[in-house]
Amino acid sequence: MKIFAETERLILREILPTDIDGMFELHSDIEVHRFLGNQTITNKEQAKELIKFVRQQYTDFGIGRWAIIDKKNNNFIGWTGLEFVTEQINNHKNFYDLGYRLIKKYWGQGFATETAFVSLEYAFNKLNTDEVFARADSRNIGSNKILDKVGLKFIETFDFEGIEHNWYKVKRTEFENKKSNR
């Protein structure tokens, strides 16, 4: 098992086949998917396929979303981190995308912000990229606040699968400035 990063409260590690119950709980919840097109999963086989997809990204790109594990009780909280996007989204292709998704009972505790910040540190310090992008449904106030809080800059709105989304970007220098003022 590879651990990518840690915070005071959390371990950020590779998503494992044994995370199937947590992934099912996360991706079968309609509230979690409210701003994600409401495309929930309905069985553990689908959760297994999601895990397989992420694990293939580790092989193909050396990066993929990470499991968020609570250090206190070893609970699966959700996932966070970077994905290397190879399809075209908002006229961009082959870029690092920051994302996070938490099981509902863990909302409002700062986990998404905490892990997003660590993910950006990893992007700039370990992957040595110069920029990271993110997108969020324009109506998802919480997610948009998190992206702003960790230093991503709103660029524009765009249509993503028929829904208005906000497009964000942060450059290495902007992140370093944000980090030094933290």
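Me: Among contacts between residues at least 6 apart in sequence, what share joins residues at least 24 apart?
Reply: This is a predicted model, where local features need pLDDT of at least 70, side-chain atom pairs count only at pLDDT 80 or more, and totals for chains, interfaces and linings use all residues. Residues are numbered from 1 along each chain as its sequence is written, and side-chain values use heavy atoms, with hydrogens and water left out. Contact means heavy atoms within 4.5 Å. Of the contacts in question, the share joining residues at least 24 apart is 58%.

Me: In what order do the elements of the protein run?
Reply: Helices (H or I, at least four residues) and strands (E, at least two) are DSSP runs, numbered from the N terminus. The protein has five helices and eight strands. From the N terminus on, the order is β-β-α-α-β-β-β-α-β-α-β-β-α.

Me: How many Å should the 18 residues of helix 2 span?
Reply: Helix 2 covers residues 44-61. The expected span is 1.5 Å times one less than the number of residues. The end C-alpha atoms of helix 2 are 26 Å apart, which agrees with the expected 26 Å.

Me: Where do the buried residues of helix 2 lie, on the same side or on opposite sides?
Reply: Buried means under 20% relative accessible area, exposed over 50%, partly exposed in between (1.4 Å probe, protein chains only). The buried residues of helix 2 are A47, I51, V54, Q57 and Y58. The arc is that of the directions from the helix axis to the C-beta atoms. These residues cover an arc of only 110 degrees, which puts them on the same side.

Me: Which exposed residues does the face of helix 2 turned away from its buried side carry?
Reply: An α-helix has 3.6 residues a turn, so residues three or four places apart point the same way. What covers the buried residues of helix 2 includes helix 1 and strand 3. The face turned away from the buried side carries the exposed residues K52 and T59.

Me: Which helix gives the largest share of the largest nonpolar core?
Reply: A nonpolar core is a set of buried Ala, Val, Leu, Ile, Met, Phe, Trp, Tyr and Cys residues joined through side-chain atoms within 4.5 Å. The largest has 48 residues, and L120 and L147 are among those with the most contacts inside it. Nine residues, the largest share of this core, come from helix 3.

Me: How many residues of helix 3 are buried?
Reply: Helix 3 runs over residues 111-125. Helix 3 is mostly covered. Of its 15 residues, the buried ones number 13.
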